[in-house]
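Here are my notes on the structure, set out as numbered points. Please read them with the structure open.

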Amino acid sequence: MNIRFSLIFIFLCSFNSFSQINKKESARKLHAKTLIHIEKALNYLEKSQQKENDSIFRLKGEWGSQMSMNFWFPLMGGKNSEYDSNCFSVATIHNILANIYLQYPEYRNIPPMLDLAFDRIMNYQSDGSFNFWNLLPPTKPHKWFEKEADEFTRRPNNYPLPLKFIQKAANVTNDADDTAAGLLAIYLRNKIKGSPIPDSLAKIHEIFDEYTDTNRNNRMWYNFWQRQGPESGAYLTWLGEEYEFSKKWNPVQEFFHLATFYLPISKMYPNAYEPYIPYGSNDIDPIINANVLRVLSIYNNQKSIASKNAIAFIKDELENKNYNYAATYYPNRYHIPYYVSKAYKNGVVDLAESCELIEAYVLDNYKENGYWTSRDLINDGDSLQSTIYAVNSLLNIRGLQTPASQQAILAGLDYIFSKSIEENDQIYWKGGVFFAGGTVVRHVLHWKSDAVTTAFVLEALINLRMQLERKYPDLSRDI
C-alpha cells in the first residue's frame, strides 16, 4: 500500500491540468488523482457512519443529513436546521457503496458499512414497501383531549413540528421512491452475499402497478399547474389510497378543498394516526418514475404494465425542457438528468432518446470555468451539487467517448476536486440539496448531507476510473 501511494504522490506532483486525456500520461495522472480521492472519501464515509444508537436522535448504521427550513413559512415555523434520520439518505449511500464494492472488491472497508446500513434501511420497511421516516412515538398526542398517545407515527426524529396539523401531516404513507431504493438495497445485499433473490421479490412490479396515473377521480394541483397528466399511466408517488371525488376532478373543487385545508371536511386534512398523502392527492414525478424503472431493470423484471407509460412521461417532460419544476420533490435542475441517466445506465434502454436530450441540455449549460448551477433559490445556485449531478449524467450517457462530453466532464471534475475538504486521511464534500419537501415548500424545506454529496462524488469517480481503465487497461495493472 505504501508503494501504491508513493506512485500516486509522484503522479500528482507532476499533474497540473487534465483538460484532455487522449494521451496515456495525462490519463495516468488523472487516474492516480482519482484513486486517492476514492480511498480518502471512503475513509470519510467509514468514520462518519453512526456506529451506535443515540436514543432515537441518531440511529445506528446511518449517515447524517440536515432537514432545513430556509426561511419562515406558514404552519412550518421559522428558519431552522436539525439532524434528520431518513430512509432515502442511508439507502442512497448504501446502494452507491454496494455498487462500488461489486465493481472493485479491493475496497475492503465497504462491507462493514453495508452491514450496518442495511439493517437500518430495513427498519423503514412495512408490508413490503418503505417509508421516508422512522416509526416513532409522537412528540405530542395528535388528538385534542388525549393525555398520552399509544400509537406510533412516521415523523422526523429531531426537527420540531410546531402544530398538531403538521405533526399529523408528517405521518406520510409509504412511497415509491423509498421503496425503489429499499428494494435495490435488498437486491445488492443478496448479490454481494452470493445469495439468490427471494422468490417473493419476483413480483415487485405489482407494488408499483397498483398505483398509477390511470382512472383516477383526483389530481394533484402541482401536476395540474405543470401540465402533467392526467391519464399519463405513469407511476404514482404514494403507495396508498388517495381521496376520491364522486365525479372527475376539477379545479373548482380543488380550490374549495385548498381553501378549507385546515378543516376536517377538506381532502387535504390529515387525520390523527392515519397514514397521510399530502394534499389528499397522489402525484406523478419524473424522477420517481425513473427510479422505479431502474429498480425493475436491475431485477430484470419486465412485467410492469406502466413501464412504457413511465418512459413516455419522462420523455415528454424532457422535451418540454422543464428541468426546474417538473420533479415535485427534486428542485435542482440537474436532478432529472442525474436520475434519468442513471436508470439508462442500469439497463432502461428505452430512455436512450431522453438521454440524448439530457446530454444536449447539460453540455449547453455548463459555465466556461467548468461548473454548473441551478436556480438561485436552490442553495444559492448549488454549484457544487449541480456540477456533481451534471458530471455523473454525462458519465452515465456517453462518458469519455466524445470530445464534447469528455471536455465537460474533465472541467467539471477539476471544479469538484477543487471543492474537496481534506482532514487527515479523509476527504469529503460539503452537502448540497439532495431532496426537498415538494410543492409549496419545494424551495423552503431542503435536505442536505455531506455524506450523501460525498457518495455522489464517489459514484462519479468510480465511473471515471472504470472508463479510464477501459481506455487504458495498463492503468489497472499499475495499482
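Notes on the sheet, salt bridges and surface

1. In this predicted model, four strands form an open sheet in the order β2-β1-β10-β9, with antiparallel pairing. Its edge strands, β2 (80-84) and β9 (433-436), each pair on one side only. From one strand to the next the twist averages 30°.

2. At one edge, β9 pairs with β10 (residues 445-448) in the antiparallel sense over 3 bridges. Phe435 has Trp447 in β10 as its bridge partner.

3. The count of salt bridges comes to 15. One of them joins the side chains of Asp425 and Lys47, at 3.8 Å from N to O. Asp425 sits in the loop between β7 (421-423) and β8 (426-428) and Lys47 in helix α2 (residues 24-48), so this pair ties together parts 378 residues apart in sequence. Asp425 is partly exposed at 34% relative accessible area, and Lys47 is partly exposed at 48%.

4. A salt bridge also forms between Lys342 and Glu459, whose closest N and O atoms are 2.9 Å apart. Because Lys342 belongs to helix α12 (residues 335-345) and Glu459 to helix α16 (residues 450-471), the pair ties together parts 117 residues apart in sequence. Lys342 counts as buried because its relative accessibility, 9%, is under the 20% cut-off. Glu459 is buried as well, at 17%. Elsewhere, Glu106, Arg465 and Glu469 are joined into one network by salt bridges that share partners.

5. On the surface, Phe256, Leu263 and Ile265 make a nonpolar patch of about 300 Å². Leu263 lies in the loop between α9 (251-259) and α10 (286-298) and is partly exposed, with a relative accessible area of 44%.

Note on methods:
Residues are numbered from 1 along each chain as its sequence is written. This is a predicted model: local features need pLDDT of at least 70, side-chain atom pairs count only at pLDDT 80 or more; totals for chains, interfaces and linings use all residues. Side-chain values use heavy atoms; hydrogens and water are left out. Patches are made of residues with over 30% relative accessible area and no salt bridge: like charges are joined within 9 Å, nonpolar side chains (Val, Leu, Ile, Met, Phe, Trp, Tyr) within 5 Å. Accessible areas come from the Shrake-Rupley method with a 1.4 Å probe; for residues, only the protein chains shown count as cover. A salt bridge is a side-chain nitrogen of Lys or Arg within 4 Å of a carboxyl oxygen of Asp or Glu. Helices (H or I, at least four residues) and strands (E, at least two) are DSSP runs, numbered from the N terminus. Buried means under 20% relative accessible area, exposed over 50%, partly exposed in between (1.4 Å probe, protein chains only). Two strands pair if DSSP finds at least two bridges between them. Axes are lines fitted to C-alpha atoms, for helices over the stretch in contact, and angles run from 0 to 180 degrees between N-to-C directions.
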